Amino acid sequence: MEVHAHSHTARKKWTHYFWEFIMLFLAVFCGFLAENKREHMIEHQREKRFAVQLLADLTNDSAFFSYLINDVAPREDKDARKLNELLTRQPSATDKEVLMALKDVKRIGLPLTNTTFTQMKTSGTLRYIRNDSLSRLLSSYYDVSCTRVIQSWEESRDFYNDYLLPFKLKHIKYQDFSEQSDSLIIQDPAMIDRTAKTDQELLNYIITYHGQVTGSWINNKCKPALKQIRRLIPMLKKEYNLK
């Protein structure tokens, strides 16, 4: 009878297991570093994209505020002075003169663009902006200054809708105006039921509306907002190397 000897596998030294553990640990650790670097790169790309969008929004707001200050406010001053002169002079101004001046008194839109900041705030990505001074100034501009601009604009819009628009609907014949050019299309237009009382009423509306638009809205709200934008844009460009 043959006797077979049992074969024995050689036992590995503890150093072998140690190096296996080290290699496994390094593989996991390097994978973690790679994933962390990838997420960091993605966040940086998002941060840069948001910065570009913020810069575009602020540039649009800056152009709008500059337009209000340099074009709208002087025109509103001129229109208010003109109507004040026409409605108070003796002998009274003609209906045509009043209508020609009144047709330029209009509602002003408010195309502020705060979409990007609102999106960053609601999604929690505002944390991407790591410059604390820049982040605080952005929040101050959008949460405080823009809110005040919007509220002041709403007051002037509501006054126009509640007083000036009903006055126009009551005393003006819209068929006397061209819809395309907003100019008179007849030689001798007549206002409906015009009296000394309605002239004073109109003048009160014009003076109040002018004060709300140029005084309260443009001078007291839009000018400070524009001043903030002029600080924000250079900071944003410098922080993210934007042109």
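How far is the sulfur of C146 from the closest cysteine sulfur, and in which residue does that sulfur sit? The closest one is in C222, 9.4 Å away, which is too far for a bond.

## Ground rules

This is a predicted model, with pLDDT of at least 70 needed for local features and 80 or more for side-chain atom pairs, while totals for chains, interfaces and linings take in all residues. Numbering starts from 1 along each chain as its sequence is written, and side-chain values rest on heavy atoms, leaving out hydrogens and water.

## The cysteines

Back to that opening pair. A disulfide here is a pair of cysteine sulfur atoms within 2.5 Å, and by this rule the count is zero. C146 counts as buried at 3% relative accessibility, and C222 is buried too, with a relative accessible area of 0%. (Buried is under 20% relative accessible area, exposed over 50%, and partly exposed in between, using a 1.4 Å probe and protein chains only.)

## Overall build

The protein comes to five helices and zero strands, so the run from the N terminus reads α-α-α-α-α under the DSSP rule (helices are H or I runs of at least four residues, strands are E runs of at least two, numbered from the N terminus). Of the 243 residues, 35% are buried.

Take contacts (heavy atoms within 4.5 Å) between residues at least 6 apart in sequence: 81% of them join residues at least 24 apart. The accessible surface is about 15,800 Å², with 55% of that belonging to carbon and sulfur atoms; areas come from the Shrake-Rupley method with a 1.4 Å probe, and for residues only the protein chains shown count as cover.

## The nonpolar core

A nonpolar core is a set of buried Ala, Val, Leu, Ile, Met, Phe, Trp, Tyr and Cys residues joined through side-chain atoms within 4.5 Å. The largest one has 61 residues, and L58, F65, L68, L138, Y141 and W217 have the most contacts inside it. Helix 1 (14-88), helix 2 (95-102), helix 3, helix 4 and helix 5 (196-240) each give two or more residues to this core. Helix 5 gives the most, with 16 residues.

F65 is a handy place to look around. Setting aside neighbours within four places in sequence, F65 touches L112, Y141, V149, C222, A225, L226 and I229. So one of the two cysteines from the opening turns up again here, in contact with F65.

## Aromatic rings

Searching the whole structure gives eight aromatic pairs. Rings of Phe, Tyr and Trp (its six-membered ring) pair if their centres lie within 6.5 Å; planes under 30 degrees apart are stacked, over 60 edge-to-face, and the rest tilted. F117 and Y142 make a stacked pair, because their ring centres are 4.6 Å apart and their planes are at 10°. F117 is in helix 3 (residues 115-123) and Y142 in helix 4 (residues 132-171), so the pair ties together parts 25 residues apart in sequence. Both rings' residues, F117 and Y142, are buried.

Elsewhere, ring pairs link F159, Y163, F167 and Y205 into a cluster. There's also a charge over a ring: R49 lies over the face of F50, at 5.9 Å from the ring centre. The rule wants NZ of Lys or CZ of Arg within 6 Å of the centre and within 35 degrees of the ring normal.

## A buried loop aspartate

D176 belongs to the loop between helix 4 and helix 5, and is buried at 7% relative accessible area. Beyond four places in sequence, the contacts of D176 are S183, L184, I185, I186, P189 and A190. From D176 to Q187 is 11 residues in sequence and 9.3 Å in space, C-alpha to C-alpha.
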